[in-house]
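Q: Please take a close look at a single part of this structure. I am new to it and would welcome one connected account that also places the part within the whole.

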Amino acid sequence: MSIARANRLTPYLFLAPAGLVLLIALFYPICYMIYASFLDWNPSQRIGEADFVGLRNYVKLFSDDAFRESMWVTIKFAAVVVTLEMIIGVGLALLLDRNIRGMSVLRTLFILPMMIAPIVVGLMWRYMYHPTVGIFNQTLTSWGFEPIPWLSDGSWAFASIIIADVWQWTPFIFILSLAALQSLPSSAIEASKIDGATGWQQIIHIKLPLMLPVLIVTLLLRLIDSFKVLEVILVMTNGGPGLSTEILSIRINRTASEFRELGEAAAMSNLLLIVLLILTFAMFIYNKAQEVRAARLRAAAEEDL
């Protein structure tokens, strides 16, 4: 083996042990879950004792009204929370992208919600939504309004879990958006000022297009995470009342632990994985296209200078 070829292979040889561990840790559970989804399996059996039923679990899911409702609730929840978090997070980043005294303190305060354990977040919001002693209903009552059934009415319960998630994860969007803003090339901003662009024109035509690759990755991360949120909603509502807040992760947990249908739970997990993979690949392709566009914008701005 030549020295040049050995030098090219050396980095890959150093990475090989970590890559092997990653492959085992990633693909073995996925393969195990795929195999389990073809079985009629319950916790009292070993997996080798379970009966092979083929695609029966998948066929059963698509004819299950509760599963379809959980999937619909999950899609609604993910769409609403990610949209609100992106709007508020990016808006705050644009608002605070300036020299403000005490900015380091503000950043610390902003990231505190996402540092709290999800179970603690769920308990905290559950107590605040309490019908009689919760701070929200106490405030409404003191102002002369009727108390709101935050967690006992389906529509209000769905809104309540959205508020809790937006409170916890908007700081994530804010921090990444602010980092993206502060890494923008100053040449593009200066060129727009020379051309007489207003603040809004700079945001719409310069800052947001250049930030778009980072925003797409941030959006993808939050979208994936919103599809598999569990603890906060489990503590706050346990999927109720009815199925109004039963997202798919709660349905999977309930199917495995309460209904003792491990095969069906594995089939649900596989379907959720497929949805997330489709979203990931779609966003990846779109992100690559936007990176090319952003590079052209940077080049054009440098030519103007």
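The answer below turns to one helix and then to the chain around it.

A: The model is a predicted one, and the part chosen here is helix 8, which covers residues 186–194. Several of its residues are buried: Ser187, Ala188, Ile189, Ala191 and Ser192. Each of these five therefore has under 20% of its relative accessible area open to the probe. After helix 8 comes glycine 196, and the phi angle of this glycine is positive, at near 85°.

The setting of the helix may now be described. The chain contains 12 helices and 2 strands. In sequence order, these elements give the pattern α-β-β-α-α-α-α-α-α-α-α-α-α-α. The chain is more spread out than a compact globule, because its radius of gyration is 24 Å, well over the 19 Å that the globule rule gives for 305 residues. Along the principal axes, its C-alpha atoms fill a box of roughly 80 × 70 × 35 Å.

As for burial and contacts, 38% of the 305 residues in the chain are buried. Among contacts with a separation of 6 or more, 69% join residues that stand 24 or more positions apart.

The surface and the charges complete the account. The accessible surface of the chain is about 17,700 Å², and carbon and sulfur atoms hold 68% of that area. There are 22 positive and 23 negative side chains in the chain, and 6 Å separates the centres of the two sets.

Note on methods
Residues are numbered from 1 along each chain as its sequence is written. Side-chain values use heavy atoms; hydrogens and water are left out. Helices (H or I, at least four residues) and strands (E, at least two) are DSSP runs, numbered from the N terminus. The radius of gyration is taken over C-alpha atoms; the globule rule is 2.2 Å times the number of residues to the power 0.38. Buried means under 20% relative accessible area, exposed over 50%, partly exposed in between (1.4 Å probe, protein chains only). Contact means heavy atoms within 4.5 Å. Accessible areas come from the Shrake-Rupley method with a 1.4 Å probe; for residues, only the protein chains shown count as cover. Lys and Arg count as positive and Asp and Glu as negative; His and the chain ends are not counted. The place of a charge is taken as NZ of Lys, CZ of Arg, CG of Asp or CD of Glu.
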